[in-house]
Amino acid sequence: MAESIVFDIATEVLTKIGSLVGRQVSLLWNLESDLRRLEGTLSSIKAVISDAEKKQACNDQLRDWLRKLKDVLLDAEDVLEEFEFQAPKREVVRQKRSTIRKVSQFFSSSNPVVLRCQISHKIKEIRERLDQIASDRSRFSLIESTPVEVRPVILKGRETDPFLGASCPIGREDDKKQIMSFLMQPTDNNVSVLSIVGIGGLGKTTLTKMVYNDEKVNKFFPLKMWICISDDFDVTRLMKEIIYSTTDEDCNKLKGDKIPKRLRKILTGKKFLLVLDDVWNEKPQKWIELKDLLVNGVNGSKIIVSTRSKRVAEIMSTGPSHFMQGLSNEESLSLFKKYAFKDGEGKDFPRLIEIGKDIVGKCKGVPLAVRSLGSLLYANTEEREWLKIKKNDIWQVDQDNEDILPVLKLSYDHLPSPLKRCFTYLSLFPKDYNYDSDYVAYYWMALGLLKTFDKTEELEDVADQYMKVLWLRGFLEDFLDRDCCWTFKVHDLIHDLAISMTEGESAFINFGSQKVDGKLRHFSHGDTELCGEEFLQLIVDNSRSVRSIVFQQQRNTEMHKIPESICELQNLQMLRLTGCFKLKKLPNKIRKMISLRYLEITTQEEVLLENGIGCLSSLRYLCIFDCKRLRSLCEGMQGLKSLRKLFLDGCSMTSLLDTIKYLTKLEMLMILRCPKINLKMELQGEDRELRLSLKKFIINDLKSLVDLPQLLLQVSAHTLKYMSIKDCGNLEALPEWFQNLTSLEKLEITTCHKLSSLPEGIERLTSLKELRIEDGPALIESCRNNELKIAHVLVVRLIDE
């Protein structure tokens with residue numbers, strides 16, 4: 001079994017203590033003995049954590065002991081990080097401060113003497129709590145284990161590309177035929193409803209997706225909509241989501257009776273298919289209220305409901321429901337072999353297949369459980385490892401016949417320890433959330449969850465590796481390659497598992513929540529009556545241990561200001577404020593948020609202050625979204641030398657020169673819907689030595705663009721790998737110097753109607769592996785007439801609109 005999260009945190013704390021013991025600053029602050037005692041106690045506790053993890057399933061007291069240990073370890077992380085940051089800084093300040101300054105600040109909270117006492121008290125408190133936990137362990141007869149060497153996460157490659165999406169599920173052909181028959185069946189009703197019913201993990205959503213994406217269905221229903229319901233059957237929310245799914249309208253602007261009127265107008269005279277996925281509402285009146293709004297479609301319109309509840313099906317169906325059954329033993333084994341063996345068959349391992357039959361027999365025909373255990377054993381041909389799964393204690397635990405969480409927990413237990421924390425923090429997002437790999441990567445980075453074993457290894461690459469491993473193990477699904485990032489989803493039962501693993505550490509603040517547990521560290525702003533501004537104040541006032549706050553974008557629209565006190569959260573590493581269209585300005589002291597690595601903002605400001613965002617030296621990702629009044633970024637952003645990704649979307653700025661020249665580590669630049677921006681740059685004096693290392697350059701909807709930015713791209717000629725040009729209607733030609741982009745691997749050109757040919761010398765771009773041209777008749781015709789110029793390109797996609 002891979003080590004647990006608690007073991008991993010204990011290792012991190014010991015590493016931090018080890019880096020502080022013996023240093024001059026710990027001696028000066030009289031913390032040396034406390035740190036050494038803390039180190040000894042924690043080392044002895046760490047030795048029994050693995051045994052405690054194995055035995056906790058059947059021992060509530062032991063499970064509580066581990067929870068308390070985790071809590072004190074997380075507090076220890078916070079205190080040690082504060083000491084690591086504050087102590088050296090305060091010593092420098094102390095040495096430089098004048099006598100008058102010393103006297104004026106002696107009684108302030110920033111006084112180094114006061115601060116020293118505070119941190120000393122915190123470390124002593126941690127030590128005492130840990131001593132108590134160490135004494136309590138004698139009650140459990142725990143066995144010490146040999147320390148496990150921490151190794152890098154190794155990706156065992158599959159031949160199947162994870163970004164190709166889900167394959168056709170095994171054993172569901174008959175189910176699909178029956179659902180298709182319902183959809184194509186003529187009816188006199190305006191709307192007919194079919195419920196697909198089954199326990200969690202049977203594949204209700206997967207089956208529905210198969211039908212929803214079928215070509216016959218696409219032709220039969222001019223209008224298709226898919227809404228994930230989950231626990232919240234709020235009719236107003238559902239109306240808005242249905243409207244948004246068909247029109248992409250900002251439904252927050254619709255109020256009162258305008259919402260149902262807009263919905264009826266959209267559906268009137270159209271034959272539609274509406275999917276309501278994962279429904280739990282058992283109150284008939286709520287369904288009747290929504291259904292009355294859906295009767296304006298043409299006869300033959302259909303609704304598919306997926307649910308685990310027979311009561312839901314009785315309320316919503318207009319005819320017999322479709323009850324899904326578990327897979328047969330033969331189908332289960334076929335699915336298991338597909339995920340457990342490299343060739344998908346395992347013909348060379350008959351003994352393992354025999355063991356596999358016993359394993360899948362315990363999965364009760366639930367595809368998610370079968371897939372999870374198959375992925376766990378993928379490419380592992382050690383018979384003893386298969387027998388461990390077969391004989392695991394989890395099968396002895398008394399559990400509900402319909403509960404497969406223990407099986408999923410078994411797969412979770414075998415994840416490498418760094419991946420466990422990465423996976424569990426995905427629980428802060430709602431069910432059916434469409435995760436963005438960039439956001440997830442920086443979220444993990446900001447929390448310090450990514451482990452590097454090579455100083456040259458980029459954290460972004462480590463995050464990519466983690467996501468691929470989680471996909472291979474069955475924890476992530478529905479991967480799609482979006483070029484600038486990937487998107488993926490998490491099955492709702494897997495989401496439930498993640499929530500259960502973060503108990504006491506994270507909170508999803510729902511409607512009516514007015515209280516915050518001060519011990520919690522991660523918060524998500526869900527369907528709550530609190531506006532974003534009030535929510536932030538609530539967190540800041542009640543939890544000084546907060547490490548991350550996750551906002552859903554549509555909840556930011558009414559935020560007018562951000563409390564200045566948020567700047568005191570010096571450990572905060574990620575902040576998303578996109579969609580704050582009424583936000584007047586950023587906090588004055590945002591520069592104090594020294595740990596911030598990821599920042600998304602929408603503001604009404606005209607200029608960003610140089611001594612504000614420009615001072616965030618830890619920042620790696622900056623997204624500036626719909627800042628309609630923003631004329632320019634702050635002049636001089638020398639402090640942003642660590643920035644890797646810059647996204648500008650819907651802004652009014654005219655130039656980037658004063659900013660871009662400082663961003664020497666910038667890897668991705670994306671500019672969307674910035675009509676006034678001028679990308680031509682001329683450098684003078686010292687600026688002539690400018691060197692950038694862009695890897696991805698993406699521009700979209702720049703109507704005024706007539707030429708590519710030569711300077712910007714030429715200085716990245718040997719690093720640029722991906723370029724996307726979309727909706728640039730005045731771009732007439734690609735420049736001759738384009739042939740100098742020798743590292744370019746993928747080029748996409750979409751809806752650039754004046755562009756009629758590729759540049760001369762494009763055959764010199766020997767690294768170019770993929771060329772995609774869409775909705776550009778003249779350019780497509782030119783490519784077809786001059787195929788020799790692009791004969792060296794492995795994949796050429798020419799797509800007529």
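**Note on salt bridges and a buried strand**

1. At 28% relative accessibility, E745 counts as partly exposed, because the partly exposed class lies between under 20% for buried and over 50% for exposed. The structure is a predicted model. The salt-bridge partner of E745 is K769, with 3.9 Å between the closest N and O atoms. K769 lies in the loop between β19 (746-750) and β20 (770-774), while E745 lies in the loop between β18 (722-726) and β19; the pair thus links distant parts of the chain, 24 residues apart. K769 is likewise partly exposed, at a relative accessible area of 43%.

2. Which residues are joined into one network by salt bridges that share partners? They are D34, R37, K124, R127 and D131. Within this network, R127 and D131 form a salt bridge whose closest N and O atoms are 3.9 Å apart. Both residues belong to helix α6 (residues 112-136), where four residues, about one turn of the helix, separate them.

3. The two partners in α6 fall into separate accessibility classes. R127 has a relative accessible area of 12% and is buried, whereas D131, with a value of 22%, is partly exposed. The assignment of D131 follows because buried requires a value under 20%.

4. A further salt bridge joins the side chains of R644 and E460, at 3.3 Å from N to O. R644 sits in the loop between β14 (621-625) and β15 (645-649) and E460 in helix α21 (residues 459-472), so this contact ties together parts that are 184 residues apart in sequence.

5. Is the R644 side of this pair buried or exposed? R644 counts as buried, with 15% relative accessibility. E460 is also buried, its relative accessible area being 10%.

6. For the structure as a whole, the number of salt bridges is 50. The pairs described above are among them, including R127 with D131, R644 with E460 and K769 with E745.

7. A separate point concerns strand β12 (residues 574-577), which is covered on both faces. M574 and R576 lie on one side, L575 and L577 on the other, and all of these residues are buried.

8. How do β12 and strand β13 (residues 598-601) pair? Their pairing is in the parallel sense and extends over four bridges. Within it, L577 of β12 stands opposite I601 in β13. L577 is thus a residue to inspect for both points: it is buried on its face of β12, and it has I601 opposite it in the neighbouring paired strand.

Notes: Residues are numbered from 1 along each chain as its sequence is written. This is a predicted model: local features need pLDDT of at least 70, side-chain atom pairs count only at pLDDT 80 or more; totals for chains, interfaces and linings use all residues. Side-chain values use heavy atoms; hydrogens and water are left out. Buried means under 20% relative accessible area, exposed over 50%, partly exposed in between (1.4 Å probe, protein chains only). Helices (H or I, at least four residues) and strands (E, at least two) are DSSP runs, numbered from the N terminus. Two strands pair if DSSP finds at least two bridges between them. A salt bridge is a side-chain nitrogen of Lys or Arg within 4 Å of a carboxyl oxygen of Asp or Glu.
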